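Got your viewer open? Let's take a walk through this model, one selection at a time.

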Amino acid sequence: MQQSSNRPDSAPLAGLTVVEVSAFVAAPLGGMTLAQLGAEVIRIDPIGGNIDINRWPVTADGTSIYWASLNKGKKSVTLDLRSDEGREQATQLMVDAGIVLTNLPARGWMGYEQLVQRREDLIMMRLTGNYDGSSAVDYSVNCASGFPLVTGDSDRPVNHVLPAWDVAAGLYLATGLLAAERVRRLSGYGQEVTIALSDVMLATVGNLGYLADVRVNGTSRQADGNSLYGGFGREFRTSDDRDVMVVALTTGQWKALTKATGLGDKLAMIEPMLDVDLSTDSGRYAARYAIAAVLEPWFAARTLAEVGSLLDAASALWGPYRTFEQLLDEDRRCSTDNPLFAEIEQPGIGTLLTPAVPLSFGRSAVPSAQAAPVLGADTVRVLSRSGFDRAE
């Protein structure tokens, strides 16, 4: 078994260097994940920044909070990528690192076939839109996934605002890159690894069983509002106009909910009326509307605080709906009490509650939360390391 030269308590990816040429969400998230695990990630941008440099949300003076949030812990190099000199500098950085992460068109000087001539064991991890190389983004992929037509409670599509496919793709990029790096350590061979954003969506839909459901049962999941599919769970409004999500996935959770509300006898009456077994997921799902009708007045008669106290006392599974502002103000998990977070001074923006990587290792020192670099701040230092002098 190959032994690592790093100490057991060093960062998991200490000693790994990756050059990232990217924009938007997926690839920057993949690179940031590697940086948060201790890799040196060098992001190369054109002079003035790439197409995502001013993306919302932004500060009052236009500084992108988005860009800073997705590039934490990286080094930033800016080069004139339209010039031969700038391209040569970028190429040398990629060759020296031996690993390239990108979601931009990798052709010409930046193509894998060109770079591998300079370093035979080079690894390129590349994200495309579709498997044939054509373009796609999260929204154009999501609309075809089936999910917008089962979100909400009508026959009209509802786009969720979470870029779920970008996030999943970013984590796949990090995983694929590390897999290729392991192959290289064991065999000495580099390679190009590609992943399509639409394939991330298709794999997920397949892995969750929705494609098989159509093939096997000839059915397709329908829009059902905020009801939990295949079990009992939905939102309820409290007397102080707050909303909570209540979930009963197991028999124990169902018993906890009936105990908290004191409505066990009334809920039990649903079984003979609808000929269902409320001790099962399928029974609770079939009776979801009747169950909700019994529970709604109980929630409507109590404040959020009262509901939370009673549900917690019974160990019921629930959570309050929150705006982003309420999340920051109310949720004890979203604070420096949680080791995930630290207060970090982000240049050009201010002091931010900043997350590190959400992984905890028993023997590895995962870096704490870090700021993003100022665009281009590391250009001279990184280039000089690759043999370019300050004048160049």
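Start with helices H9 and H13, and look at how they cross: H9 passes H13 in a left-handed crossing. Keep in mind as you go that this is a predicted model. To find the pair, select residues 251–261 for H9 and 288–300 for H13. Their axes sit 11 Å apart and meet at an angle of about 40 degrees. That angle is why H9 counts as oblique to H13.

Now show the side chains where the two helices touch. On H9, pick Trp254, Leu257, Ala260 and Thr261. On H13, pick Ile291, Leu295 and Trp298. What classes of residue are in this contact of H9 with H13? Six are nonpolar, one is polar and none is charged.

**Next stop: the sheet**

Select strands E7, E8 and E9. These three strands make an open sheet in the order E7-E8-E9, and the pairing is antiparallel. E7 (232–237) and E9 (317–320) are at the edges with a single partner strand each, so one side of each has no neighbour in the sheet. Tilt the view and check the twist: neighbouring strands are turned by 20 degrees against each other on average, ignoring direction.

Zoom in on E7 and E8 (residues 243–248), which pair in the antiparallel sense over six bridges. Label a couple of opposite numbers here: Glu235 faces Met245 in E8, and Phe236 stands opposite Val244, also in E8. A handy thing to know while you look at strands: in a regular strand, side chains alternate between the two faces of the sheet.

Follow the chain from E7 to E8 and you'll go round a hairpin, with five residues between the strands. Click on Asp241 in the turn, which has a positive phi of about 60 degrees.

Now slide over to the other pairing, E8 with E9. This one is antiparallel too, over four bridges. Try selecting Val247, whose bridge partner in E9 is Leu317.

**What lies on the sheet?**

Bring H14 (residues 304–313) into view. H14 lies across E8 and E9, and runs at about 160 degrees to E9.

**Zoom out**

Finally, colour the chain by domain. Domain 1 covers 17–207 + 338–386, while domain 2 covers 243–320. How many Å separate the C-alpha centres of domain 1 and domain 2? They lie 43 Å apart.

Conventions:
Residues numbered from 1 in each chain as written. Predicted model: local features only at pLDDT ≥ 70, side-chain atom pairs only at ≥ 80, totals over all residues. Heavy atoms only, no water. Axes fitted to C-alpha atoms, helices over the stretch in contact; angles between N-to-C directions. Parallel < 35°, antiparallel > 145°, perpendicular 65-115°, else oblique. Left-handed = near helix turned anticlockwise from the far one by under 90°. Contact = heavy atoms within 4.5 Å. Nonpolar A, V, L, I, M, F, W, Y, C, P; charged D, E, K, R; others polar. Pairing = 2+ DSSP bridges. Domains from an automatic or database assignment.
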